[in-house]
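I opened a notebook for a structure I had not met before. These are my entries, in the order I looked things up.

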Amino acid sequence: ADAAGNFTLNFQPLFTEAGAYTIAAGHPADVPDEVQDSFDLLGMRVYPAAANYRIVPLQEYTHHFQLRNLGDLPLSGIGLNVTGIPANMNVNADVHESLSGSGTNTLTVSMEASDASISMAAIEVQVTSAEGAESLLTLNVNIIPESPELVANPSYIETAMTRSGQSVVELNVTNNGGVVAQNISVDIPVLDWMELISPVNI
């Protein structure tokens, strides 16, 4: 407080807070019961606010999110602005243009990739209203090719073995591609003292 006994308070709401607020101020030992002022805080939020996707080219993917009005007052003129779309993707977003107080609507996003020339994208869907409320939806997209993509873990093997003996080595093979891998075979270096004892075809 200043010399005259006046004081100020900066109210910082949480990102999930909105609605009708009333204010009363006074000495800590004599807090008044009468409402001295009021204000409305507008807000909306997309649930979930972020999502991760792995998509295959030439297949359309449609996903639904919940747009929630965090306050008591209705929101109107709801619009969408989609950014971060790579050249090899088509993304469409749709939502109803009005949202009732404390109500929910469905936000629908459809996406399709023409190829995997650009394999990763961070797409943002900005939701705004005529009253000034806004929210952000982030889509992290990984475009996988229309072919098998085998990855061995570990990618490098260093071990020892004795002549006329056997050594067992284990590794995991993961298909990160967009289609089923078939006719997988195991090839080892051609050496007169070493041969594969496990099946050649997996």
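**Entry 1: one exposed leucine.** I began with Leu58, which counts as exposed at 56% relative accessibility. My cut-offs: buried is under 20% relative accessible area, exposed is over 50%, and partly exposed is in between, with a 1.4 Å probe and protein chains only. Leu58 sits in the loop between E4 and E5. Its phi is positive, about 65 degrees, although Leu58 is not a glycine. I noted the background too: most residues other than glycine have a negative phi, and most peptide bonds are trans.

**Entry 2: ground rules.** I am working with a predicted model, where local features need pLDDT of at least 70 and side-chain atom pairs count only at pLDDT 80 or more, while totals for chains, interfaces and linings use all residues. Residues are numbered from 1 along each chain as its sequence is written, and side-chain values use heavy atoms, with hydrogens and water left out.

**Entry 3: the whole chain.** How many helices and strands does the protein have? I found 0 helices and 12 strands; these are DSSP runs numbered from the N terminus, with at least four residues for a helix (H or I) and at least two for a strand (E). The radius of gyration is 29 Å, well over the 17 Å that the globule rule gives for 202 residues, so the protein is more spread out than a compact globule. That radius is taken over C-alpha atoms, and the rule is 2.2 Å times the number of residues to the power 0.38. Along the principal axes, the C-alpha atoms fill a box of roughly 95 × 45 × 25 Å. I also wrote down that 24% of the 202 residues count as buried.

**Entry 4: the core.** Next I looked at the largest nonpolar core, which has 29 residues. Such a core is a set of buried Ala, Val, Leu, Ile, Met, Phe, Trp, Tyr and Cys residues joined through side-chain atoms within 4.5 Å. Ile55, Phe65, Met89, Met111 and Leu139 touch the most other members. Strands that each supply at least two residues of this core include E5 (61–69), E8 (104–113) and E10 (134–143). I followed Phe65 further: beyond four places in sequence, its contacts (heavy atoms within 4.5 Å) include Tyr47, Pro48, Leu107 and Leu139.

**Entry 5: cis bonds.** Pro48 came up again, as the peptide bond from Tyr47 to Pro48 is cis, with omega near -15 degrees. Pro48 lies in the loop between E3 and E4. I found another cis bond from Asn153 to Pro154, with omega near 5 degrees. Pro154 is in the loop between E11 (150–153) and E12 (172–175).

**Entry 6: two serines and a glutamate.** Is Ser129 buried or exposed? I have Ser129 as buried, with a relative accessible area of 10%, in the loop between E9 and E10. Not counting residues up to four places away, Ser129 touches Met44, Leu75, Ser76, Gly77 and Ile78. Ser110, in strand E8, is buried at 16%. Glu134 lies in strand E10 and is exposed at 52%. Beyond four places in sequence, Glu134 is in contact with Met44, Gln126, Val127 and Thr128. Glu134 and Leu42 are 92 residues apart in sequence and 9.0 Å apart in space, C-alpha to C-alpha.

**Entry 7: another positive phi.** Asn183 has a phi near 55 degrees, a positive value in a residue other than glycine. I placed Asn183 in the segment after E12, where it is exposed at 76%.
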